[in-house]
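Colleague: Before I trust the labels on this one, can we go through them together? I'd like to hear what stands behind each.

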Amino acid sequence: MTAKKIELPYTRYLSPDGRLIGAMPDSADDFNLLTRLYRQMVLTRLFDQKAVALQRTGRIGTYAPTLGQEAIGVAIGFLMQPDDVLVPYYRDTAVQLVRGVRMEEILLYWGGDERGSDFAEPGVAEDFPICVPIATQALHACGVASAFKIRGEHRVVVTTCGDGATSKGDFLEALNVAGAWQLPVVFVVNNNQWAISVPRRIQCGAPTLAQKAVGAGFHGEQVDGNDMLAVYERMQVALERARQGKGPVLLECLSYRLGDHTTADDATRYRPAEEVKHAWQEEPIKRLQSFLASQGVWDEGREQALIAECQALVGQAVDNFEGAGLQSPESIVDHVYARWPKALAEQREEILERAIRHAGGSGHGQ
Amino acid sequence: MANDKVTLLQAINLALHRAMAEDERVVVLGEDVGVNGGVFRATQGLRDSFGFKRVIDTPLAETMIAGLAVGMAAQGLRPVLEIQFMGFIYATMEHLVSHASRLRNRTRGRLSCPLVLRSPMGAGIRAPEHHSESTEAMFAHVPGLRVVVPSSPARAYGLLLAAIDDPDPVIFLEPTRLYRMNPQPLSDDGRRLPLDSCFTLREGSDLTLISWGASVMETLKAADALAEQGISAEVIDVACIKPLDLDTLEASVRKTGRCVIVHEAPRTCGVGGEIAASLYERVFLDLQAPIQRVTAPDIPPPLYRLEQLYMPSVEDILHACDHVLNFA
């Protein structure tokens, strides 16, 4: 007896060198939109490069680069409504920036300051901070979606994760409940082929990750995650479907993690240079740029102007981040509970005394 | 309904009805909590009163229940989740430790997690394996959580209402052994009891007996037995074991100079050790004898034929009191 073969759609519109393949999606001739998407991808990459540089020079801590994942995040960000909720993981700089998280907030977070998750923009007031423990965010997304459903709100939750996260029970339990309750959630799997050093082929025995949705009773599909036209279209359909109460969708975006897992990782230890070189031929920004250039709506002059404009924005964000100053010693205590319990008052005093002692430098012990 | 005698279980049920009626943000979720009213019937009647959208039978996955509650709470709901037995609670730990307890702090208060996790705890009901644990110390160790253990119908009622009101996550552990024991008069008036506070159940001057959960029952009986010998024992129900109301405990032990701590959980790294250490820091010179702990040994709860050996008995408590009272 053999299991019935599961066949899921796979969508790609642009070849790696930026040529249209076959039928054109509606979005492909909206050059205004495509140019805006392109600009945002470039901004994301320049910011990402700056964040890595800041880590290399000791100005922020460990950072998870989003290099090569720009099409996925930018498409999600453009398509979500402001009152939708994003429940992201740690490689989501691209989507967070579009949603309204400020660059200096992202730098604050990775720079060791909790204020980086206290988003100032009202449009992201309900978005979750990035999730570090793998796949746990998928369940939080289902909880948010349940709240929408209980209150009868037509809002959608988007949650993201990498390919490795699909191995975890939390991910599968999230798919299960989302299917059972037909929750308005779009699960986006950024299948960038590597979970730190473990390649996709030994992560899971199923030929696709999207088919995990089938076992939970809802729709899954694959898309070329480096093809902005394809990601944008499939994400739009998925969000619409969820918003109309037609249930969750799992969108597996096939991509490649061009950078290290984080700045603390060295991917040359475990993956061949040839593979990475090949992946650079398929990366999303160059692909869309080639397409736009072939359509006569992009050129070197526009590119240079865009880079200068983005670098000014990034530079301003770095200045804001570096000018933010330290939080007070009390801040490490005062947000743990809504009100610090009287029963723990002594501990708060101890921390404040410790701060004074530390500020005294070598004074202690004398 | 005023001042009818109710069990601890009925008190829980009354508090849940009250909370759901008062605040439409309160939702109850868990395995079998809806149509079946919970395996102990703690949620009986809620589904009929408040509907399936607010009283939710979940798929059978504890990790999922906890993760879902984090998302709901962050959205401003007040989820009250039930885990059927404490032996099944460990699957929720990652969501409690890494998310529920930290969401407020991580976001500087932008998001928060006002959930209540209810679970039966403890041995003594001849239950199957994995149904008799008392692992409250695991939760007490986690910053950002509150851990509450009621030991009477009135405290179950008032503390559960307070826990649901609380803006932060609360682990609410219900001693299974007390669920249907000793009905007591209770007025369903919605009155909250304070969290973060001990309850002095009996005043005394010769020694202080500190306990929580089901062991409070044996501790009170031990105090009765001591009274017959002319010894005046103060009995304190800790009730909220995180954060600990050390001021009340300190004042009592400073007064009596002698202290016995009774809990059903295993000894090593149990909450009794924390209480003893804190008391030594605060009242060392007022102590007339070393503090004694009466606890389960460091073993898994035995299957039920020998479970009485696991739980501190009145005799065990009296034995420890004897040692403390006659310390030379």
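Modeller: Sure. This is a predicted model, where local features need pLDDT of at least 70, side-chain atom pairs count only at pLDDT 80 or more, and totals for chains, interfaces and linings use all residues. Residues are numbered from 1 along each chain as its sequence is written, with chains lettered from A and ligands numbered from 1 in the order in which they are written.

Colleague: How do you know that the span of α6(A) agrees with a helix?

Modeller: Helices are DSSP runs of H or I with at least four residues, strands runs of E with at least two, numbered from the N terminus. The expected span is 1.5 Å times one less than the number of residues. For the 13 residues 169-181 that gives 18 Å, and the end C-alpha atoms are 18 Å apart, so the two agree.

Colleague: What makes α5(A) and α3(B) oblique?

Modeller: Their angle is about 55°, with the axes 6 Å apart. Under 35 degrees counts as roughly parallel, over 145 as roughly antiparallel, 65 to 115 as roughly perpendicular and the rest as oblique. The pair is therefore oblique. Axes are lines fitted to C-alpha atoms, for helices over the stretch in contact, and angles run from 0 to 180 degrees between N-to-C directions.

Colleague: Why do β1(A) and β2(A) count as edges?

Modeller: The open sheet runs β1-β7-β8-β4-β3-β2 in chain A, with parallel pairing. β1 and β2 each have a single partner strand, so one side of each lacks a neighbour in the sheet. Pairing takes at least two DSSP bridges; β2(A) and β3(A) have three.
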